[in-house]
Amino acid sequence: MIEISHVDKWYSPTFQVLTDCTTSVAKGEVVVVCGPSGSGKSTLIKCVNALEPFQKGDISIDGIKVNDPKTDLPKLRSRVGMVFQHFELFPHLKIIDNLCLAQEKVLGRAHDKAMTKGMALLDRVGLKEHAKKFPAQLSGGQQQRVAIARALAMDPIAMLFDEPTSALDPEMISEVLDVMVDLAREGMTMMVVTHEMGFARKVANRVIFMDRGEIVEDALKDDFFGKPRSDRAQKFLSKILSH
Ligand SMILES: Nc1ncnc2c1ncn2[C@@H]1O[C@H](COP(=O)(O)OP(=O)(O)O)[C@@H](O)[C@H]1O
Ligand SMILES: [Mg+2]
């Protein structure tokens, strides 16, 4: 579903942020991306739905090349759900309107259809009774569940998550992870930047470890947690698992 092939990216002529990144995510597969801060995880995931350009290599989603100038990027992006650390809901729109906006504007869905879909998804993430509230009236965990529901309203062929729980208070992390675990078990194709190794153990097929712009490790989950091949991944893992 997602093919990343020999991607190099520079933010400036002297700063290469991604070096020869190659990996793929098959349909229905869940791939967790981890690694130290600044290693290029967000940049890589943004390249996948063309929020960031890259200079070398290729990325395709469902066979459509992201870096082909002829590709209709708004259309492609509408098919790939993206969930960020900071929710990015529209603060001036009610929760249900947050869910309807892109369905109507981008997919051209009729308002009543968008509403029905939006309410069903709010129900699914346990927030139906909050439909008429504004984002600021919800907790961080609730807002992030809205953000996931909003992405799902577009019938995405894949979902990208960039540290979706790292801005949340500890007691809210599991309510968001529970939604993500359900999604994974239903067969959604997911690429998830996270350091929640409990989530990775539960649902990931593979774990990718990045360091300094490179994919240092790309392993089946059990191999990764059993014993990472590289010293860098071993050190990283022992640090995040030791507390
Ligand atoms: N828009 C940008 N312009 C220049 N440098 C950037 C930009 N975004 C990120 N960087 C730098 O690129 C590197 C990788 O960043 P990022 O992809 O955010 O890493 P991670 O998500 O793994 O923490 C960091 O050194 C960061 O400071
Ligand atoms: Mg990041």
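What volume does the largest pocket have? In this predicted model, the answer is about 550 Å³. Helix α5 is a good guide for a first look: α5 gives two or more residues to the lining of that pocket, and α5 also packs against α6, comes within 9 Å of α4 and within 8 Å of α3.

**The largest pocket**

- The lining of the largest pocket is made up of 22 residues.
- If you want to find the centre of the pocket, look for Arg77, Met82, Ala102, Arg150 and Met154, which lie nearest to it.
- Four elements give two or more residues to this lining: α2 (73-79), β6 (80-83), α3 (95-105) and α5.
- Sorted by class, the lining holds 15 nonpolar, four polar and three charged residues.

**Where α5 meets α6**

- Helix α5 packs against helix α6 (residues 170-185) at an angle of about 20°, and their axes are 8 Å apart.
- Angles under 35 degrees count as roughly parallel, so α5 and α6 are roughly parallel to each other.
- The crossing in which α5 passes α6 is right-handed.
- On the α5 side, the contact is made by Gly140, Gly141, Gln142, Gln144, Arg145, Ile148 and Leu152.
- Facing them from α6 are Met172, Glu175, Val176, Val179, Met180 and Leu183.
- This contact of α5 with α6 counts seven nonpolar, four polar and two charged residues.

**Where α5 meets α3**

- The axes of α3 and α5 come within 8 Å of each other and cross at roughly 25°.
- That angle makes α3 roughly parallel to α5.
- The crossing of α3 and α5 is right-handed.
- Helix α3 brings Ile95, Asn98 and Leu99 to the contact, while α5 brings Val146, Ala149 and Arg150.
- By class, the residues of the contact between α3 and α5 are four nonpolar, one polar and one charged.
- Arg150 appears twice in this tour: Arg150 is part of the contact with α3, and Arg150 is among the residues nearest the centre of the largest pocket.

**Where α5 meets α4**

- Helix α4 (residues 111-124) and helix α5 (residues 140-152) have axes that come within 9 Å and cross at roughly 140°.
- The two helices, α4 and α5, are therefore oblique to each other.
- Helix α4 passes α5 in a right-handed crossing.
- Lys117, Leu121, Leu122 and Arg124 of α4 make the contact with Val146, Ala149 and Leu152 of α5.
- The contact of α4 with α5 has five nonpolar, no polar and two charged residues.
- Val146 and Ala149 of α5 take part in the contact with α4, and both also belong to the contact with α3.
- Leu152 of α5 is in the contact with α4 and in the contact with α6.

Methods. Residues numbered from 1 in each chain as written. Chains lettered and ligands numbered in written order. Predicted model: local features only at pLDDT ≥ 70, side-chain atom pairs only at ≥ 80, totals over all residues. Heavy atoms only, no water. Axes fitted to C-alpha atoms, helices over the stretch in contact; angles between N-to-C directions. Parallel < 35°, antiparallel > 145°, perpendicular 65-115°, else oblique. Left-handed = near helix turned anticlockwise from the far one by under 90°. Contact = heavy atoms within 4.5 Å. Nonpolar A, V, L, I, M, F, W, Y, C, P; charged D, E, K, R; others polar. 1 Å grid on protein atoms, 1.4 Å probe; cavity = no way out; pocket = protein on both sides within 12 Å on 5 of 7 lines; lining within 4 Å. Points joined across faces, edges and corners; volume = space filled by probe spheres on them.
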